[in-house]
Amino acid sequence: MNGEYSLDTTEGMAASGDPPTNNAVDDYDAEEALERQREEENKIKIKLKSFEGGVYECGLTAAKMSVMVANMLDALQETDLTKIATREPIPLQNDAVTNKALEKIVEWVDHHWDDPPIDPDFDDEKERRNEELSHWDKQFIDIADQGELFDIIAAANFMDIKGLVEVGAKHICNKIKGKSCTEVREMLKIHNDFTPEEEAAIHKENEWIYAKD
Amino acid sequence: MGLQFNAPLSQAIKESKLKARKCSEFLQPFKQRPQTSASLARRLVTQSLGLRDRITPEQRAAERKKLNEAKGAQYRSGNLSEWSEQERELWALQPMGPMDEHLYQCCINLTVNCHQMNGLVKNRRKKGRKCWTLETLPTDILYIIFSYCDVKSLVSLSCCSQKLFQIVANDSYVWLNKSLWSLVTNQTSHHMICRSSRLLTPREKCLTSENWRDGVYSERTVVRHKCRFMPWICLQKDFLWFTKGNLIHRYKRNPKSGSVYKHLLKVYKTGEDICRFVVNDDFVVSGGWKGSIAVWRKSCDKPVMSRNQLHSNDINSIDISKNKLITGSKDKLVKICSLFNDNVNADSVLRVDKIIEVNDRVLNVAIDELGTSFIVGSAGCGPLQPLLLYDIQSGQLLSQFGTNHRRGAGVLHGFWESNDEVLSCGYDSFVRLWDKRSPHKCVLSMEDPHDSAVYCISSDHFRTVMSGTARYGLTRLWDKRKPTECTQIYYVGTNNSPVYSMSFDALVACVALESSINLLSFY
C-alpha cells in the first residue's frame, strides 16, 4: 500500500512540474527546426525564366522571398518539394524581367535568403526606413547603367520582393539627396518639358529650399 | 430524343429562354460534349428489370471502344484546345494528366492576377522597348521611391519635369505619410485647429514643418511701443489679442497666410494695468493690478462686470471655464468664483464661492478641459510644491506635482496639455510635462541649455512645445520625442528683452517682447 501511494505522488508531481520547461524547449526547438528546414529547402534548386527566355537557377527558400513566386509554388500544393526542381522553369511574364535583371535578382536573393523576415508588428517602420544600406547592398546596387537599375526595381516590384525594392529606392534617394533640380535632371536624364514661364514660377515657389546653401 | 440539348439558347423555345434568364448566373458557356453511347444506361435498366440483353458481344465491344476513344480525346485535346495561345506559351505545356492541368490553371490565374495588380497587363513589345527612365517607371514604383526621399529631394524632383511635378507636387499621397511625422504643422488637436488660421494640405505641412525645423522665416513687428510693458497675448483663428498696459488690443488675422493686419480692430479698457487675460467663446476676462478684474462680452465694448479689490494684491493669473472663474493673486490666495446673470439688473454678477490659502504667491492658474479641477503654480517659496492640483467644486488639494523642489523654483506658466497632462515652466529653467495620475515624477523634462528662466510656453497639444526665455528674446522649439536637445532656436527682436508671452499656429509664431509684438512667419 505504502509503495503504491508514493508512486502516485511522484507521478503527479512530475506531471504538474514538467510542462513549462518543456514548452520553452519546444519553442526553441521549433525555431531551430524551422531554420534547418529553410536551410534544407534552399538546397533544392528551382528554375526561373526571364521574359527574354533566359533560365536561372535559384534556391527554393531564396526564390520564396518573391511573394509572387511563393504564391505560385503554394498553389501547386506540392508535398514532395524535390519534385518542384524537376518542373519546367517558372516564367516571369513582365518585360522588366530581362535576363540581366533576373540574374541580378537571383544574386540578391541568394545572398539574402537567410535574412529574418520583416515583421510589421514588431519592426519599427520608421526605423527601417532610415537604416543605412549594408556595404554589400551598396556595391550590389551601384549600377552605372540607369536602365538596368530601373529594370531591377521594376522587376523586383513585379515579383514582389520588398527588400530589394527598398534597396533600389534607397539607392536612388541617396543619389538625389542634396542635389538641385538641374543636377537631378542631368543625373536621371529627365527631359525638361516645362515652358520657361512655368519653370520660373516653380523655381520662385521653391526658392527657400536652396536659400540656405 | 425529341429535345435538342446542344442547340444554342438563341434558337431555343420561349419557355427555355425564360427559364434560362431566371437562372442566368449559374449557366455555363456552351461546350461540345464528347461522344457517348447508351450502353451504361441500357445495362442499368436491363439489370434492374431482370431482362436479358439482346445486344451481341460484337456490338458491345464496338461501343466500349468508341467510349474509350472519346475519353482519350477529352484528355489529350478537348480541354487544351480551349486554352488561349498566350496561356499555352506561358507554361510551355506538355501533355499531362487532368490533376496537373487543374493546378497549372490555378497558377496561371494567379500570374494573370499579379499582372493586373501591378497595373502591367498591357505588355509592351519586346522589340523597340524603350529604356526605363525615372519618368517611365510605373507610378506605383515611383510612390515607393518617393516615400524614401526627404522633403528637399522631393522638391528638387518636382522641378524636373511635368510628369514628376504632377505626381510630386499635386498629389497628397506622396506627402501624407511624411506629414504624419511633421513637427508643429500637425493640426491634430482641437486646440491647435482652433488657433490655426486655416488647415494645411499635406504638402504644405511638410514644407512648412521643414521651415520651422531649419529656422527659415521672415520676422515682422506688428506693433512697437514707446515704453516697456509686460504684454500677454492670445492667438485665435481670426484674431490676435494682446495687452498694452491697461488695454487689450484686438487685431484681425489674414486667413491665408496667418499674419496679422496692421489695422487695430478693437480696444478693451480697464482702470488698472492688466497682468493676464483669457478669451473663451463668450467672454474676455482680465485680471490686473490691485486685485482688479474685468469681464467683457466678446461682442460689446464696455465691461459687463468689473470689480476692484477682489484680491488685496495684484491678480497674477486668471482662467475661466463655463461660468467658473478662478483667480490667483500675489496675496497668496486663490479664489473660485461663479459668474452669472442677474435677472433684476440684467447685469453679470460675480460671486466668490471658495477661497483657498496657498501660503505662497500664486503665479499661474489653469482649469482642465472638463472643468473639474485646476492647477495652481506658485512662487516656490511656501511649504508645498510649486505646482498643485485642486478640485474645483470642493476647493480641496488633490495632489502635488513632484517632490523636493528647489526653493524659489516658481512655476511661471502652466496649462493642461491634455485632460491628464500638465505642461509647466518656470524659474528653474525646465519645461516639464506632468501626468496627474502619477504626480510624483514628471513624465518629460526639457532643460534650457543656457540655464535661463522660462517665462512662457506654448504647445500644439501633440508633440511640439515652444518656450520663451528670460533673455535676448530667445525662443526655443522642442520636439517631445527628443527632449534632450532643442530642435531650433529663434532670436526674436533686436533688444535684450524677455519673452513675456508667446503662441503659435502651423504658419506663424507670435512673440510678445517688452516693447514690441513680433510675428515670425514660416509659410
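1. Start with A:Glu35, which sits in helix H2 of chain A, residues 19-43. This is a predicted model, so everything below is read off computed coordinates. With 43% relative accessibility, A:Glu35 comes out as partly exposed, because that class covers the range between under 20% (buried) and over 50% (exposed). A:Glu35 also belongs to a negative surface patch, together with A:Asp26, A:Asp27, A:Asp29, A:Glu31, A:Glu39, A:Asp114 and A:Asp115.

2. Over in chain B, have a look at a nonpolar surface patch of about 310 Å², built from B:Val45, B:Leu49 and B:Leu51. B:Leu51 is in the loop that links helix H2 (39-49) to helix H3 (57-78) of that chain. Its relative accessible area is 54%, so B:Leu51 counts as exposed.

3. Helix H11 of chain B (residues 202-214) checks out on length: at 1.5 Å a residue its 13 residues should span 18 Å, and the end C-alpha atoms are indeed 18 Å apart. How enclosed is H11(B) by the rest of the structure? Largely so, because 11 of its 13 residues are buried. The buried set has charged-type names in it, including B:Arg203, B:Glu204, B:Lys205 and B:Glu210, along with B:Pro202, B:Cys206, B:Leu207 and B:Trp212, among others. Right after the helix comes B:Gly215, with a positive phi near 70 degrees.

4. B:Lys178 is another lysine to click on, in helix H9 of chain B, residues 172-180. Is B:Lys178 buried or exposed? Buried: its relative accessible area is 18%, and the class needs under 20%. B:Lys178 is 27 residues away from B:Val151 in sequence, yet the two C-alpha atoms are 8.3 Å apart in space.

5. Now the backbone. Most residues other than glycine have a negative phi. B:Lys322 has a positive one, about 55 degrees, and is not a glycine. Where does B:Lys322 lie? In the loop between strands S10 (315-321) and S11 (324-329) of chain B. B:Lys322 is exposed, given a relative accessible area of 64%.

6. B:His461 also goes on the positive-phi list, with a value near 60 degrees in a residue other than glycine. B:His461 is again in a loop between strands, here S22 (454-459) and S23 (464-469) of chain B. Its relative accessibility is 14%, so B:His461 counts as buried, whereas B:Lys322 is exposed.

Note on methods:
Residues are numbered from 1 along each chain as its sequence is written. Chains are lettered from A and ligands numbered from 1 in the order in which they are written. This is a predicted model: local features need pLDDT of at least 70, side-chain atom pairs count only at pLDDT 80 or more; totals for chains, interfaces and linings use all residues. Side-chain values use heavy atoms; hydrogens and water are left out. Patches are made of residues with over 30% relative accessible area and no salt bridge: like charges are joined within 9 Å, nonpolar side chains (Val, Leu, Ile, Met, Phe, Trp, Tyr) within 5 Å. Accessible areas come from the Shrake-Rupley method with a 1.4 Å probe; for residues, only the protein chains shown count as cover. A salt bridge is a side-chain nitrogen of Lys or Arg within 4 Å of a carboxyl oxygen of Asp or Glu. Lys and Arg count as positive and Asp and Glu as negative; His and the chain ends are not counted. The place of a charge is taken as NZ of Lys, CZ of Arg, CG of Asp or CD of Glu. Helices (H or I, at least four residues) and strands (E, at least two) are DSSP runs, numbered from the N terminus. Buried means under 20% relative accessible area, exposed over 50%, partly exposed in between (1.4 Å probe, protein chains only). The expected span of a helix is 1.5 Å times one less than its number of residues.
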